[in-house]
Amino acid sequence: FLAFLAGGRYRSLLERVVGARLVYKQPSMARVISFEYLNRQLVWHEISELLLLLLPLLDAAKFRRGLGRLMPRLPSPASVL
């Protein structure tokens with residue numbers, strides 16, 4: 001592992017023993033990589049981790065009362081008829 005960090009040529013011990021390396025077939029080829037999907041995944045992962053951290057700290061009854069005050073009461077189905 002430390003040899004990989006120092007040199008970075010071989011990913012595993014087996015590759016080092018055999019002398020196999022990953023190289024580009026055409027080194028001059030332009031490589032355009034879109035990180036849009038990866039960025040989206042990272043954002044959703046961090047948001048879910050934040051929610052998992054904060055949800056146990058919330059008081060559920062107080063949260064429901066607050067939502068009840070914000071949302072208007074819907075008429076009951078019997079009073080509509």
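Here a colleague quizzes a modeller about a predicted model of one protein chain.

Colleague: How do you know how far to trust this prediction, and what is the mean pLDDT of the protein chain?

Modeller: The mean pLDDT is 78, and 80% of the residues reach 70 or more. Confidence peaks in helix H3, at a mean of 91, and is lowest in helix H5 (residues 77-80), at 61.

Colleague: What makes up the secondary structure of the protein chain?

Modeller: Five helices and zero strands. Going along the sequence, that reads α-α-α-α-α.

Colleague: Why is Val43 called partly exposed?

Modeller: Buried would need under 20% relative accessible area, and exposed would need over 50%. Val43 has 47%, so it falls in between and counts as partly exposed. Val43 sits in helix H3, by the way.

Colleague: What makes Val43 eligible for a patch?

Modeller: Patch residues need over 30% relative accessible area. Val43, at 47%, therefore clears that cut-off. Val43 is indeed listed in a nonpolar surface patch of about 1,100 Å², along with others including Trp44, Ile47, Phe63 and Met71.

Colleague: Which helices supply at least two residues each to the nonpolar patch?

Modeller: Helix H3 (36-54) and helix H4 (60-70) do. H3 gives the most, with four residues.

Colleague: How much of the protein chain is buried?

Modeller: Buried residues are 2% of the 81 in the chain; the bar for that label is under 20% relative accessible area. As for surface, the chain exposes about 8,500 Å², and carbon and sulfur atoms supply 66% of that area.

Terms used. Residues numbered from 1 in each chain as written. Predicted model: local features only at pLDDT ≥ 70, side-chain atom pairs only at ≥ 80, totals over all residues. Heavy atoms only, no water. Patch = residues over 30% accessible without salt bridge, like charges linked within 9 Å, V, L, I, M, F, W, Y side chains within 5 Å. Areas by Shrake-Rupley, 256 points an atom, 1.4 Å probe, with all protein chains shown as cover. Salt bridge = Lys/Arg side-chain N within 4 Å of Asp/Glu carboxyl O. Buried < 20%, exposed > 50% of the residue type's maximum accessible area, 1.4 Å probe, protein only. pLDDT = per-residue confidence, 0-100.
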